[in-house]
Amino acid sequence: MTAPLLTDTAGTDAESATDRTVIGGNLSLPLFRTLSGVLAGHPYLKVVVDRAENTWHLLDTTAHPFHVDYIATRVLGMDLAALDAELDAFNASVYQDPDRRFLLGVLSLHTGEEGEGRERTFLVLETTEADTMHGQLLSFFYDFVRARVDGRLPLLLKPANHGQEEELAAISEQRVPRILGHELFGSRTRTPLNPGEATGRLRYFRTHDEYTAYRQAAETALGWADIVAMPCLPDDVPRVAGFVNTAPITPLSHTNVLASGWGIPNAVVRDLEQLVARDGLDGAWVRYRVREDEITLERLDHEPALRAPAWHQQRIRLEPPLLEDTPVLALHRLRAADSDRYGTKAANLGELHHVLDSRTADLTAFHGRPRPPRENLYGHLAARLGLSGASATDTLRTKAADFVAATVGAPDGVALPFALQQRFLTASPALQQGIGKLKMALELDATDVLDSLCLQLQHLIRHTPVPEPVTRRIIQAFPASAGPSGRLVVRSSSNAEDLPGFSAAGVYDSVTTVHGTGELLDAVRQVWASLLSPRSVRLRHQVGISLDDTYMGVIVQEYLPARLGGVLVTCDPTRREDFRNVYLNCSPGSPEQVVDGSVLPQQYLYNTVEGGGRTVALGSWGEKLSAATRARLADLSLAGRLLQSHFSRPDVDMPLDIEWLMTDRGDFRLVQIRPYAL
């Protein structure tokens, strides 16, 4: 066995004086533990294979957080300023060059079940997600590392992206043993969904029936100091201190988007049953921490002195809505400024039509932001759009606009203004009386009667005849919004959603199975009534949104059969500092299945800078998408990133939340676009 060499750090600075990086030799488990750090709960070690010198470097994680910095400064003798000046070219030389000298990877240590209750410890080797190693190079990398790792430790190669998966498909698993990302992490015991920390009382519900019974009991209620744990949190969960999901779920479900908007810790903790049994956590006061590399629930030995959270004093003021006699308009005639008459969702869809049709918007602003040490990402965007060499800014903007317009479409439909809801409500003395009682209860903070008043009002709205002038306006819009099937989708579009500090994801109703004028009127009244649901009224009241200023518009769209549907957010929800990746979920059919949590969707991360994607989870579906479909989803992700430049102004780093579907013809339609609550 060749003895490893410790790096010579004599005469260097204090940081490198403790550098324990090893060059050459073999890797034992004790040496691995000495050098490794922890990422996502697993010990890991960065490795660099130098093909020219036929050796490898095992990096001290504490001293060398970046492969590239180590290679440039310690192997090639460059200084960091010189590296920064040509960082993208240097990255290409170590991640994309098929004849590269250096192979960069990470070894991580995992424990899994081997059968009959036995556990096995094994190592996983992977590259970075932007690495384009071909099959021969992946095989060489695996063999080189395998020959130098303790033979008692199983070693598996994990392809870092879809391209590597396809390269490995031509190589037998006996030749290169492997594990796919969704296989490795799909069974993770704990997964962060929204980072944060909270102190509160843990309320653990093993089933939805337990949760419902608790909520219905007159003497109990969930409050701001509770941390709610259950397999899948329901959409009607009130605002609390933290969420714990005890079964796998997507970060993009309604409840998880709410957790992000509320700024509360949220994670998947699949071993909560054992923690509760061991530490007696159910009903106990706990300190709950969610970090990227660690999730903990620590029982406290006494009830802490807690102050009400800041949102108890939060007061969100709405711009006064415009209630004059506003016409029913086709969506393509709206712009973003029309949100004060038609609601945020309708206005954003109108703005989307404008962006796609006019192609005058600058969709490159996100890539124009400095990403130190880079001045901008224009070069990367040009490469993604097929432009060779340095391109003029105007050319890049034109190409970006053309790409987005060719990739996605906006739905046809019409928008019903706030004015129609107002005319409906004021035409009924009974409704006016009920609204007056609700306003009085809110002013007196009489929370014990809110639910009953809201439910009475909702029932009354659904069964009150629509005045003939309002009916006529709605019916006239029917032919313009009905497609060949005659089926419609009726969506909410309030002025009290998608606000800083108040996302309202999943709070208001949509109706997706509407046929004929009778069902259309019923659906419109259901959407209007959702503005007065007990949950929506309570959530708005908690942040000071006045009922007087709150109105509901309605979107009526043609129903489009969907081959795939889903949600993408133009960020990685679990790594907020990551400016490269877009997180995309999908399942067969409509996007509603993803956001309501009724299925576990397929989950992907797509790199919108260097390119490439990887599968996070196959979900309930189980079958992999074809390579061609995954490539289309990569285009969709880049289109979403480009739209962020327009819809997130003035802060183009604020991500978007986009619901989309792929039609039977393979076209993409964006059915909702809004800020993603961070």
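**Exercise 1. The second largest pocket**

Identify the helices that each supply at least two residues of the lining of the second largest pocket, and state which supplies the largest share.

*Solution.* Step 1: in this predicted model, the helices that each contribute at least two lining residues are α9 (208-216), α18 (429-443), α19 (450-463) and α22 (534-542). Step 2: the largest share belongs to α22, with eight residues. Step 3: the full lining comprises 40 residues, and those nearest the centre of the pocket are Leu450, Asp451, Pro534, Arg538 and Gln542. Step 4: by class, the lining divides into 15 nonpolar, eleven polar and 14 charged residues. Step 5: the space in this pocket amounts to about 1400 Å³.

**Exercise 2. The largest cavity**

Determine how many cavities of 30 Å³ or more the whole structure holds, and describe the lining of the largest cavity.

*Solution.* Step 1: the principle is that a probe the size of a water molecule, rolled over the atoms, reveals where empty space is left. Step 2: a search of the whole structure returns one cavity of 30 Å³ or more. Step 3: the volume of the largest cavity is about 30 Å³. Step 4: its lining is formed by Glu165, His182, Tyr604, Thr615, Leu618, Lys624 and Arg630. Step 5: sorted by class, this lining has two nonpolar, two polar and three charged residues.

**Exercise 3. Strand β22 and its partners**

Establish whether strand β22 is largely enclosed or not, and find the residues that stand opposite glycine 566 in β26 and in β23.

*Solution.* Step 1: β22 spans residues 562-569, and six of its eight residues are buried, so the rest of the structure largely encloses this strand. Step 2: β22 pairs with strand β26 (residues 656-663) in the antiparallel sense, over seven bridges. Step 3: within this pairing, tryptophan 660 of β26 stands opposite glycine 566. Step 4: β22 also pairs with strand β23 (residues 581-588), again in the antiparallel sense, over six bridges. Step 5: the bridge partner of glycine 566 in β23 is cysteine 586. Glycine 566 thus has a partner in β26 and another in β23.

**Exercise 4. Salt bridges across the chain**

For arginine 203, arginine 206 and arginine 674, name the salt-bridge partner and place each pair in the fold.

*Solution.* Step 1: the salt-bridge count for the model is 39. Step 2: arginine 203 meets aspartate 226 at 3.0 Å, N to O. This pair links distant parts of the chain, with arginine 203 in strand β10 (residues 196-204) and aspartate 226 in strand β11 (residues 226-230), 23 residues apart. Aspartate 226 has 6% relative accessibility and therefore counts as buried, the limit being under 20%.

Step 3: arginine 206 forms a salt bridge with glutamate 273, and their closest N and O atoms lie 3.4 Å apart. Because arginine 206 lies in the loop between β10 and α9 and glutamate 273 in helix α11 (residues 272-279), the pair ties together parts that are 67 residues apart in sequence. Arginine 206 is partly exposed at 35%, and glutamate 273 is likewise partly exposed at 36%.

Step 4: arginine 674 pairs with aspartate 657, with 3.7 Å between the closest N and O atoms. Arginine 674 belongs to strand β27 (residues 668-675) and aspartate 657 to strand β26, 17 residues apart. Arginine 674 is buried, with a relative accessible area of 5%, and aspartate 657 is buried at 4%.

Step 5: salt bridges with shared partners also join Glu197, Arg287, Arg289 and Glu298 into one network.

Definitions and conventions. Residues numbered from 1 in each chain as written. Predicted model: local features only at pLDDT ≥ 70, side-chain atom pairs only at ≥ 80, totals over all residues. Heavy atoms only, no water. Buried < 20%, exposed > 50% of the residue type's maximum accessible area, 1.4 Å probe, protein only. Helix = DSSP H or I, 4+ residues; strand = E, 2+ residues; numbered from the N terminus. Pairing = 2+ DSSP bridges. 1 Å grid on protein atoms, 1.4 Å probe; cavity = no way out; pocket = protein on both sides within 12 Å on 5 of 7 lines; lining within 4 Å. Points joined across faces, edges and corners; volume = space filled by probe spheres on them. Nonpolar A, V, L, I, M, F, W, Y, C, P; charged D, E, K, R; others polar. Salt bridge = Lys/Arg side-chain N within 4 Å of Asp/Glu carboxyl O.
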